[in-house]
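Colleague: I have this model open and would like a close look at a single part of it, with its surroundings. Please pick the part you would start from and walk me through it at your own pace.

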Amino acid sequence: MRTALPHGLPAVDPMASPALILPAVVGPDGLARLCGDVRARLAVAGCGVVLCDARALGGRGLAAVDLLARLELTARRAGGHIRLRHPPPDLPALLLLTGLSFEVERQAEGREEPGGVQEGGEPGDPAG
């Protein structure tokens, strides 16, 4: 017995898909590879968002801004945009100073539950 395979590419949720990990140092060849990765992920994902793990960009200053601006331009040309995960604390402020803004994935802080998770309650507690 055969089952029919679905047609086309599957939709990929950016929250479930692996993040594109940005390296601490990127040369010209590395930039071309990262831009190619962004284009490829947008072609497959169908959701228009590429999740980039930016934790390695700490302390890079304007080099990090340049890298992110080039990746965002590539994503926009392909009909999408970049979402950052784990940006260094100084990076969002530096991006705003340069006139760039990026969507940043919200991270749970401390003992806070991640989004979409409801804490357990005691019987008789009001719902809400």
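Modeller: Let's start where β3 meets β4: these two strands pair in the parallel sense, over two bridges. Please keep in mind that this is a predicted model. Within that pairing, Leu-84 has Val-104 of β4 as its bridge partner. The link between the two strands is helix α3 (residues 91–97), and β3, α3 and β4 together make a right-handed β-α-β unit.

On the other side, β3 pairs with β2, again in the parallel sense, but here over five bridges. Two of the residue pairs are easy to find on screen. Val-50 has Ile-82 of β3 as its bridge partner, and Cys-52 is matched with Leu-84. Here too a helix makes the connection: α2 (residues 62–77) joins with β2 and β3 in a right-handed β-α-β unit.

Now step across to β1, which pairs with β2 in the parallel sense over two bridges. Leu-20 stands opposite Cys-52, while Ile-21 has Asp-53 as its bridge partner. Put together, this is an open sheet of four strands in the order β1-β2-β3-β4, with parallel pairing. β1 (20–21) and β4 (103–104) are at the edges, and each has a single partner strand, so one side of each lacks a neighbour in the sheet. Along the chain, the elements run β-α-β-α-β-α-β from the N terminus, giving three helices and four strands.

The part I would pick for your close look is β2. How many of its five residues are buried? Five of the five are, so β2 is largely enclosed by the rest of the structure. Val-49, Leu-51 and Asp-53 point one way from the strand, Val-50 and Cys-52 point the other way, and all of them are buried. Its partner β3 (residues 81–85) is mostly covered as well, with four of its five residues buried. For the protein chain as a whole, buried residues make up 30% of the 128 residues.

Asp-53 deserves a pause. It belongs to β2 (residues 49–53), and with a relative accessible area of 7% it counts as buried, because that is under the 20% cut-off. What does Asp-53 touch, leaving aside its neighbours within four places in sequence? Its contacts are Ala-19, Leu-20, Ile-21, Leu-22, Arg-85 and His-86. Among these, Ile-21 is also the residue that has Asp-53 as its bridge partner.

Leu-84 brings us back to where we began. Not counting residues up to four places away in sequence, Leu-84 touches Leu-51, Cys-52, Ala-54, Leu-68, Leu-95, Phe-102, Glu-103, Val-104 and Glu-105. That list includes both of the bridge partners we met, Cys-52 and Val-104.

Leu-84 also matters for the next view, the largest nonpolar core. This core has 22 residues, and those touching the most other members are Leu-22, Val-38, Leu-57, Leu-68, Leu-71, Ile-82 and Leu-84. The elements giving two or more residues to the core are α1 (28–45), β2, α2, β3 and α3, and α2 gives the most, with six residues. In soluble globular proteins, nonpolar side chains tend to be buried together.

A wider look at the chain rounds this off. Among contacts between residues at least 6 apart in sequence, 68% join residues at least 24 apart. The chain exposes about 8,700 Å², with carbon and sulfur atoms supplying 57% of it.

Finally, a word on confidence. The mean pLDDT is 80, and 69% of the residues reach 70 or more. Over residues 8–12 the pLDDT is below 50, although this stretch has eight contacts in the model beyond near neighbours in sequence. Where pLDDT is low, the predicted coordinates should not be read in detail.

Technical notes. Residues numbered from 1 in each chain as written. Heavy atoms only, no water. Buried < 20%, exposed > 50% of the residue type's maximum accessible area, 1.4 Å probe, protein only. Contact = heavy atoms within 4.5 Å. Pairing = 2+ DSSP bridges. pLDDT = per-residue confidence, 0-100. Right-handed = clockwise from strand over helix to strand, strands pointing away. Core = buried A, V, L, I, M, F, W, Y, C linked by side-chain atoms within 4.5 Å. Areas by Shrake-Rupley, 256 points an atom, 1.4 Å probe, with all protein chains shown as cover.
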